[in-house]
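User: I am new to reading protein models and would like to learn how the packing of helices is described. Could you take me through it step by step?

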Amino acid sequence: MSDKIYNVLFLCTGNSARSIIAEAILNRLGQGKFKAYSAGSQPKGEVHPYTLQLLKGMNYDTSFARSKNWDEFAVPGAPQLDFVFTVCDNAAAEACPVWPGQPMTAHWGIPDPAAVEGTDSEKHFAFADAYRMLNHRISIFVSLPMTSLDKLSLQKRLQEIGATNDAANPEVA
């Protein structure tokens, strides 16, 4: 078994909700095997308060959470990325920086909880639902036999994870 720790970057446009949640989940579920980061193409500059409230309520340390530009990960001295996942459709459609080391990429689109309008309850549900979907996908990801899959098979599995039907609960529109 390999002792390699895989570096994973989750991307979204604002880096205030989905990508931050994904970073927290993977750092918990993949501890010792994965190191997660998050960034945005047009970062909001602050983490959404509902993101922090959700994570703190689930006993996550949120001291890591900051909204940052994806350029931080495309400069010399940045962590060598093994995987880059877009979690919003806008970031998936944008031209990404050239990542050193040519990491594997996949799109794992999740509806934006920060865009939900309605009552506080509906907004909190949207954040909880985004967490649920990301937790499901990341749970599948961390269970993949990384060392026994060839690159093509691994890429196919990453794309399948992104196409996972997370509709067990209806999405808040």
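Analyst: Let us begin with one pair of helices: H1 and H2 are roughly parallel to each other, since their axes cross at roughly 20° and angles under 35 degrees count as roughly parallel. Please keep in mind throughout that this is a predicted model.

User: What describes two packed helices in general?

Analyst: Two packed helices are described by the angle between their axes and the distance between the axes. In this chain, helix H1 covers residues 18–29 and helix H2 covers residues 49–57, and their axes come within 10 Å. The crossing of this pair is right-handed.

User: Which residues of H1 and H2 meet?

Analyst: On the H1 side they are Ile20, Ile21 and Ala24, and on the H2 side they are Thr51, Leu54 and Leu55. Sorted by class, this contact holds five nonpolar residues and one polar residue, with no charged residues.

User: How are H4 and H5 oriented relative to each other, roughly parallel or roughly antiparallel?

Analyst: Here the angle has to be read from the other end of the scale, where values over 145 degrees count as roughly antiparallel. The axes of helix H4 (residues 120–142) and helix H5 (residues 151–162) cross at roughly 165° and come within 10 Å, so H4 and H5 are roughly antiparallel to each other. H4 passes H5 in a right-handed crossing. In the contact, Arg137, Ile140 and Phe141 of H4 meet Leu158, Ile161 and Gly162 of H5, and these residues divide into four nonpolar, one polar and one charged.

User: Now a single residue, please: where is asparagine 15, and is it buried or exposed?

Analyst: Asparagine 15 lies in the loop between strand E1 (6–12) and H1. With a relative accessible area of 1%, asparagine 15 is buried, because buried means under 20%. Its side chain makes a polar contact with the side chain of serine 19, at 2.8 Å. Leaving aside residues up to four places away in sequence, asparagine 15 touches Ile20, Ser38, Ala39, Gly40, Arg66, Ser67 and Lys68.

User: How many helices and strands does the chain have, and what pattern do they follow?

Analyst: The chain has five helices and four strands, and, read along the sequence, it follows the pattern β-α-β-α-β-α-β-α-α. Of its 173 residues, 46% are buried. Among contacts between residues at least 6 apart in sequence, 73% join residues at least 24 apart.

Methods. Residues are numbered from 1 along each chain as its sequence is written. This is a predicted model: local features need pLDDT of at least 70, side-chain atom pairs count only at pLDDT 80 or more; totals for chains, interfaces and linings use all residues. Side-chain values use heavy atoms; hydrogens and water are left out. Axes are lines fitted to C-alpha atoms, for helices over the stretch in contact, and angles run from 0 to 180 degrees between N-to-C directions. Helices (H or I, at least four residues) and strands (E, at least two) are DSSP runs, numbered from the N terminus. Angles under 35 degrees count as roughly parallel, over 145 as roughly antiparallel, 65 to 115 as roughly perpendicular and the rest as oblique. A crossing is left-handed if the near helix is turned anticlockwise from the far one by less than a right angle, and right-handed if clockwise. Contact means heavy atoms within 4.5 Å. Ala, Val, Leu, Ile, Met, Phe, Trp, Tyr, Cys and Pro count as nonpolar, Asp, Glu, Lys and Arg as charged, and the others, Gly among them, as polar. Buried means under 20% relative accessible area, exposed over 50%, partly exposed in between (1.4 Å probe, protein chains only). A polar contact is a pair of N or O atoms within 3.5 Å; within protein, one must be able to donate a hydrogen and the other to accept it, and residues adjacent in sequence count only if both atoms are side-chain atoms.
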